[in-house]
Amino acid sequence: MAKCFSFTALQDSCYRYSFSRAGLKSFTTELGDGTVMHCWVPKTHVRSKPTLLLIHGFGANAMWQFNYFIPQLKSKFNVYVPDLLFFGDSYTTRPERTKAFQAQCVMALMDALNVTNMDLMGMSYGGFVAYSIAAQFKERVGRVVLGCAGVCLGKDTEKGLFRLSVDDAINILMPQNPEKVRELVRLSFHKPPPTGPNCFLNDFIEVMCTEYRQEKKELIQALHEDRELSNLPKITQPTLIIWGEYDQIFPVVMAHTLKRNGAPSKSQIVTVAIAIRGGVYSTTA
């Protein structure tokens with residue numbers, strides 16, 4: 001019998017309404033060469049406010065990660081919230097899967113929106129992309145916030161989720177059955193919440209974890225292949241590093257390795273007793 005109702009799709013619709021109510025609108029543009037980028041942008045860009053670019057991590061889409069932050073940020077910033085390639089409504093037919101290419105596509109999107117300068121914040125995988133933006137586009141980025149982003153992932157710091165094989169990490173980050181969802185929740189939360197019955201978890205998998213599965217696997221593989229600390233460029237912008245003290249995906253030791261090897265020496269590290277990766281206190285890589 002065909003399914004007639006989806007709690008996950010309903011939640012996605014609620015987030016869309018929440019973003020619209022917060023003064024954002026949906027914007028989609030073609031960058032050429034088969035690349036389309038989607039972004040939530042201010043309905044009115046206020047010139048007197050600074051611009052803040054929020055970059056999500058691995059998970060459903062940008063709305064699911066930043067919904068709880070928008071009301072607090074909109075009064076102080078022009079907030080732009082893009083979907084990275086293969087999340088939400090962004091995609092490409094090009095073969096590139098690197099964080100550098102993601103960064104270039106985000107900045108091409110900002111060019112299409114006539115946004116020249118910005119502060120930026122990246123969570124987890126989005127932190128890899130944010131770091132790459134800060135390194136490639138130094139003159140356009142003011143301040144940087146990196147949240148639980150294992151940018152310094154390397155052989156000497158290969159802990160947390162990436163102590164597993166790449167295939168095992170992929171199966172956890174892109175769960176295809178309820179038990180894998182529960183495993184992801186156990187890893188992602190310091191105090192895991194109830195996950196609900198299998199029917200809810202299967203619904204989430206069907207709506208959020210099936211599209212672009214192969215492409216997302218390639219994104220993770222690209223991170224793993226480019227993990228040598230010697231390849232990490234230095235960034236120069238004022239940087240705040242925020243980390244969950246009990247993060248099991250990218251352990252907090254990586255925050256200190258990042259400060260030593262890539263971020264400016266005056267960077268600040270703030271640890272919190274709760275994990276922060278997927279929302280106010282939830283996590284998805």
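Met121 is buried in the predicted model, with a relative accessible area of 13%. This methionine belongs to strand β6. Beyond the residues within four places of it in sequence, Met121 is in contact with Leu52, Leu53, Leu54, Ile55, Phe66 and Val145. Gln104 stands 17 residues from Met121 along the chain, and the two C-alpha atoms are 16 Å apart in space.

Phe66, one of the contacts of Met121, is itself buried, with a relative accessible area of 0%. Aromatic pairing was examined next. The structure contains 10 aromatic pairs. In one of them, Phe58 and Phe87 place their ring centres 5.1 Å apart with the ring planes at 85 degrees, so this pair is edge-to-face. The pair connects distant parts of the chain, since its members are 29 residues apart: Phe58 is in the loop between β3 (51-55) and α2 (62-66), and Phe87 is in the loop between β4 (78-83) and β5 (91-92). Both Phe58 and Phe87 are buried. Phe66 and Phe69 have ring centres 6.0 Å apart and ring planes at 50 degrees, so their pair is tilted. Phe69 is partly exposed, at a relative accessible area of 23%, whereas Phe66 is buried. A further group, made up of Phe5, Phe7 and Phe200, forms one aromatic cluster.

Two members of that cluster also take part in a helix-helix contact, Phe7 in α1 and Phe200 in α8. Helix α1 (residues 7-21) packs with helix α8 (residues 198-208) at an angle of about 60 degrees, the axes being 8 Å apart. The arrangement of α1 relative to α8 is therefore oblique. On the α1 side the contact involves Phe7, Thr8, Ala9 and Asp12, and on the α8 side Phe200, Asp203, Phe204, Val207 and Met208. By character, the residues of the contact of α1 with α8 comprise 6 nonpolar, 1 polar and 2 charged.

Helix α8 is also among the elements that cover the buried residues of α9, together with α4 (99-112), α5 (125-136) and α6 (166-173). The buried residues of α9 are Lys216, Leu219, Ile220, Ala222, Leu223 and His224. The length of α9 was compared with expectation: at 1.5 Å a residue, its 13 residues should span 18 Å, and the end C-alpha atoms are 19 Å apart, which agrees.

In helix α4, one of the elements covering α9, Lys99 was considered individually. Lys99 counts as buried because its relative accessible area is 18%, and buried means under 20%. With neighbours within four places in sequence set aside, Lys99 is in contact with Phe128, Val129, Ser132, Leu223 and Asp226. Among these contacts, Leu223 is listed with the buried residues of α9.

Backbone conformation was then inspected. Most residues other than glycine have a negative phi. Phe86, although not a glycine, has a positive phi of about 75 degrees. Phe86 is located in the loop between β4 and β5, the loop that also holds Phe87. The side of Phe86 open to solvent is limited to a relative accessible area of 2%, so the residue is buried. Asn114 likewise has a positive phi, near 60 degrees, in a residue other than glycine. Asn114 occurs in the loop between α4 and β6 (118-123). In contrast to Phe86, which is buried, Asn114 counts as exposed, at 69% relative accessibility.

Towards the end of the description stand Ser230 and Ala255. Ser230 is situated in the loop between α9 (213-225) and β8 (239-244). Its relative accessibility of 67% places Ser230 among exposed residues. Ser230 and His256 lie 26 residues apart along the chain, with their C-alpha atoms separated by 16 Å. Ala255 belongs to helix α10 (residues 253-261). In contrast to the exposed Ser230, Ala255 counts as buried, at 0% relative accessibility. Not counting residues up to four places away in sequence, Ala255 touches Ile241, Trp243 and Ile269. Thr271 is 16 residues from Ala255 in sequence, and the C-alpha atoms of the two are 9.1 Å apart in space.

Definitions and conventions:
Residues are numbered from 1 along each chain as its sequence is written. This is a predicted model: local features need pLDDT of at least 70, side-chain atom pairs count only at pLDDT 80 or more; totals for chains, interfaces and linings use all residues. Side-chain values use heavy atoms; hydrogens and water are left out. Axes are lines fitted to C-alpha atoms, for helices over the stretch in contact, and angles run from 0 to 180 degrees between N-to-C directions. Helices (H or I, at least four residues) and strands (E, at least two) are DSSP runs, numbered from the N terminus. Angles under 35 degrees count as roughly parallel, over 145 as roughly antiparallel, 65 to 115 as roughly perpendicular and the rest as oblique. Contact means heavy atoms within 4.5 Å. Ala, Val, Leu, Ile, Met, Phe, Trp, Tyr, Cys and Pro count as nonpolar, Asp, Glu, Lys and Arg as charged, and the others, Gly among them, as polar. Buried means under 20% relative accessible area, exposed over 50%, partly exposed in between (1.4 Å probe, protein chains only). Rings of Phe, Tyr and Trp (its six-membered ring) pair if their centres lie within 6.5 Å; planes under 30 degrees apart count as stacked, over 60 as edge-to-face and the rest as tilted. The expected span of a helix is 1.5 Å times one less than its number of residues.
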